[in-house]
Amino acid sequence: MDSGFVQVSAGQLLMLVVSCVLIYLAICKGYEPLLLIPIAFGMLLANLPGAGLSSYDEGGLIYYLYQGVKLGIYPPLIFMGIGAMTDFGPLIANPKSFLMGAAAQLGIFLTFVGALCLGFTAAEAGSIGIIGGADGPTAIYVTSQLAPDLLGPIAVAAYSYMALVPIIQPPIMKALTTKKERAVVMEQLRPVSKLEKVVFPIAVTIVVSYIVPSAASLVGMLMLGNLFKESGVVERISKTAQNELTNIVTICLGVSVGATATAERFLNSQTLGILVLGLLAFSFGTAGGVLLGKLMYVLTGGKVNPLIGSAGVSAVPMAARVSQKVGQSENPGNFLLMHAMGPNVSGVIGSAVAAGVLLSVIPH
């Protein structure tokens, strides 16, 4: 008999419940709805009994959509859209903030080592560690290359923790800083010329690609999108990269990644370990950025507010808004948003570079 009621398993029913919970969180709580809804619905489709709609069921629509993930096409295209939406002006105006974005990648490498110690393979550990960059497309890109079987739980963990930035980060930020440090008012950033903004994406692409060739596809597409925006002569292409193209790729990416989370692959102790390690990666990344911010506070004689270091985890612009909110709660006259955007956008570059490092040193 072909009825789904006959073929359904307890695991599939549980996964349907999980997917519905994620849809609820996306719609009712606003947790990363642009990606969590297609991911959750892809998960739902993959666990319909007898439907054959998982990303591994050869010949179906979702199987062919998944090839964009498997071949590493979707994440760089999303990076191009992110670049077209990003203003690197705060980073150019304060290049020192790049150091905080780099420090926030600490969580990636600490968790990589921790996962190795817990018995994960190097490829699996690298895929888990990248969650600490708080950059969903990067996490998906690395995992699709290193450990595609873990794509479902890693995608869910990455986007869940990105959505929970306002909940996870403030306790860490407050624990590592004093009231005096959180109340520091920073000087206004200098204006950035158009020439600087046009040269920046070209220079970053060349420098990063020579240092970490494996990061060239992500960083290159990020900077191409930014060049569309800053050149001022391809407005139509820039708007397409920001809107139509990014939206289409997001749908294809989300549904096909969600459809990897079948009951057989998702419901195991390994998934629980990934969720716990992903949270640790994210927390260590936040701590790394704040601690470097504290060092810069000391070295500059109290001119840098350490809170902006937490924005280096890359979740743009949510992490920068959290820095602003925590700083303003201590000092109502404090406006840290533009200062926090420096580490925030540098974190996008930093996570892509970290991904390139992992891909270059881990056999795959």
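The radius of gyration is taken over C-alpha atoms, and the rule for a compact globule is 2.2 Å times the number of residues to the power 0.38. For the predicted model described here, which has 364 residues, this rule gives a radius of gyration near 21 Å; the chain has 20 Å, in agreement with a compact globule. Along the principal axes, the C-alpha trace spans about 75 × 45 × 40 Å.

The secondary structure consists of 21 helices and 0 strands. Among contacts in the chain with a separation of 6 or more, 78% are accounted for by residues 24 or more positions apart. Of the 364 residues, 55% count as buried. The accessible surface of the chain comes to about 15300 Å², and 69% of this area belongs to carbon and sulfur atoms.

One helix pair was examined in detail. Helix 9, formed by residues 122-129, packs against helix 10, formed by residues 136-146, at an angle of about 170 degrees, and their axes lie 9 Å apart. Since angles over 145 degrees count as roughly antiparallel, helix 9 and helix 10 are therefore roughly antiparallel to each other. Helix 9 contributes A123, G126 and S127 to the contact, while helix 10 contributes V142, T143 and L146. By residue class, the contact of helix 9 with helix 10 comprises 3 nonpolar, 3 polar and no charged residues.

A single position in helix 15 was also considered. S231 is found in this helix, which covers residues 216-231. The relative accessible area of S231 is 17%; because buried means under 20%, S231 is buried. When residues up to four places away in sequence are not counted, S231 touches K194 and V198.

Terms used. Residues are numbered from 1 along each chain as its sequence is written. This is a predicted model: local features need pLDDT of at least 70, side-chain atom pairs count only at pLDDT 80 or more; totals for chains, interfaces and linings use all residues. Side-chain values use heavy atoms; hydrogens and water are left out. Axes are lines fitted to C-alpha atoms, for helices over the stretch in contact, and angles run from 0 to 180 degrees between N-to-C directions. Helices (H or I, at least four residues) and strands (E, at least two) are DSSP runs, numbered from the N terminus. Angles under 35 degrees count as roughly parallel, over 145 as roughly antiparallel, 65 to 115 as roughly perpendicular and the rest as oblique. Contact means heavy atoms within 4.5 Å. Ala, Val, Leu, Ile, Met, Phe, Trp, Tyr, Cys and Pro count as nonpolar, Asp, Glu, Lys and Arg as charged, and the others, Gly among them, as polar. Buried means under 20% relative accessible area, exposed over 50%, partly exposed in between (1.4 Å probe, protein chains only). Accessible areas come from the Shrake-Rupley method with a 1.4 Å probe; for residues, only the protein chains shown count as cover.
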